[in-house]
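Subject: The structure I promised you

Hi,

Here is the structure I said I would pass on. Have a look at it first, and then read my notes below.

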Amino acid sequence: MIQGVSKKKLIVAIGSIPVALYLASAAFLFDRQSPKYFRQEVPTNEAYELRTYSPYIKAELALPADSYREAIEKGTFELERYFRGENSRRKMVVRLSPPFVSEIDPNKLSQTVRVMPNSDFLSNEKPKPNRYFWVYQVLKQDYSIDGVPKPNNPFIQTLDNKSSQVWAAHRFSGWLTEKNIQKHVQVMKEAMEKDGLKMTNFTLQELDPWWVFWLTKRNYILCRLS
């Protein structure tokens, strides 16, 4: 009898682990904010929605990386230093959202794009990445471009998107593996083509950090339409 009760308690305890992880994840989700946008559902398709983003200011950085995951980690580290006071005013800068990341076509890299040197991130023992990414975060709406502190890091720049922008957004869960990303890029691409929209390059946003329970993780693939 005692063994039966102990076994039952063990089963209940094990079964409660996913629930506890979900509740812990959910508590964190409500603390994450995104830039202001007007959401519009697409009647003909549930795979994506349309978003009209209000003008915003962003801090961005171009860097080399082997994957989206590595780009997010590197970019977040450098941008966080700027946000925490490594700037012209030595003040905290309030950012509004988790980072956005998009891959840069190496053939389209212009001389005006300042890519942070690979040596600033990696030791000489690791091979040089052959991919490049933009990583950026949106700042709180209260800032003006003239009032934002200048980054000490010369490779970080602050830009003002003065006009509204329309994006298509596809939500998916799970880890940000290259396989999972490409799977959902294809889903979104096919859905947009059915509506006569062409998907070219895309931007990725991991709304929740890697340690959030994978079934509740919110990731977005965004494609700018205008």
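Let's start with one residue, E49. Setting aside its neighbours within four places in sequence, E49 is in contact with Y37, R39, Q40, V42, W167, A168 and A169. You'll find E49 in strand β2, which covers residues 49–53. Is E49 buried or exposed? Its relative accessibility is 11%, and buried means under 20%, so E49 counts as buried. One of its contacts, W167, is 118 residues away from E49 in sequence, yet the two C-alpha atoms are 8.3 Å apart in space.

Before you go further, keep in mind that this is a predicted model.

Now the overall picture. The protein chain has three helices and nine strands. Reading from the N terminus, the order is α-β-β-β-α-β-β-β-β-α-β-β. The chain has 226 residues, and 44% of them count as buried. Its accessible surface comes to about 13500 Å², with 54% of that belonging to carbon and sulfur atoms. If you take the contacts with a separation of 6 or more, 77% of them are between residues 24 or more positions apart.

Next, the aromatic rings. How many aromatic pairs turn up in a search of the whole structure? There are five. Take Y82 and F83: their ring centres are 5.4 Å apart and their planes meet at 45 degrees, so this pair is tilted. Both Y82 and F83 are buried. Then compare F100 and Y136. Here the centres are 5.0 Å apart and the planes are at 10 degrees, so the pair is stacked. If you wonder about those labels, a pair of aromatic rings is described by the distance of the centres and the angle of the planes.

The F100 and Y136 pair is worth following on the chain. F100 lies in strand β4 (residues 100–104) and Y136 in strand β5 (residues 131–138), so the pair ties together parts that are 36 residues apart in sequence. F100 has 3% relative accessibility and counts as buried. Y136 counts as buried too, at 6%. There is also an aromatic cluster, made up of Y68, F133 and F202.

Some rings have a charged partner. K58 lies over the face of Y136, 4.3 Å from the ring centre. The charged end of R51 does something similar with Y220, sitting over that ring at 4.4 Å from its centre.

What about empty space? The whole structure has one cavity of 30 Å³ or more, and the largest cavity holds about 50 Å³ of space. Which residues line the largest cavity? They are P35, Y53, Y56, F100, Y136, V138, W167 and L222. You have already met F100 and Y136 as the stacked pair, and W167 as a contact of E49.

The largest pocket has a volume of about 500 Å³. It is lined by 22 residues, and the closest to its centre are S102, W134, W167, N201 and T203. Several strands help to build this lining: β3 (56–65), β4, β5, β7 (165–172) and β9 (219–224) each supply at least two residues.

Finally, three loop residues to click on:

- P117 is in the loop between β4 and β5. Its relative accessible area is 32%, and P117 is partly exposed. The C-alpha atoms of P117 and P64 are separated by 7.6 Å, although the two residues are 53 apart along the chain.
- R90 is in the loop between α2 (68–83) and β4. R90 is not a glycine, but it has a positive phi of about 55 degrees. Its relative accessibility is 76%, and exposed means over 50%, so R90 counts as exposed.
- D142 is in the loop between β5 and β6 (156–161). With a relative accessible area of 64%, D142 is exposed. D142 and I57 are 85 residues apart in sequence but 9.7 Å apart in space, C-alpha to C-alpha.

If you have a minute, try finding W167 on your screen, together with E49 and the lining of the largest pocket.

Cheers

Conventions
Residues are numbered from 1 along each chain as its sequence is written. This is a predicted model: local features need pLDDT of at least 70, side-chain atom pairs count only at pLDDT 80 or more; totals for chains, interfaces and linings use all residues. Side-chain values use heavy atoms; hydrogens and water are left out. Helices (H or I, at least four residues) and strands (E, at least two) are DSSP runs, numbered from the N terminus. Buried means under 20% relative accessible area, exposed over 50%, partly exposed in between (1.4 Å probe, protein chains only). Contact means heavy atoms within 4.5 Å. Accessible areas come from the Shrake-Rupley method with a 1.4 Å probe; for residues, only the protein chains shown count as cover. Rings of Phe, Tyr and Trp (its six-membered ring) pair if their centres lie within 6.5 Å; planes under 30 degrees apart count as stacked, over 60 as edge-to-face and the rest as tilted. A charge sits over a ring if NZ of Lys or CZ of Arg is within 6 Å of the ring centre and within 35 degrees of the ring normal. On a 1 Å grid over the protein atoms alone, a cavity is a set of points where a 1.4 Å probe fits but cannot get out, and a pocket is an open set with protein on both sides within 12 Å along at least five of seven lines; lining residues have an atom within 4 Å of a point. Grid points are joined across faces, edges and corners, and a volume is the space filled by probe spheres set on the points.
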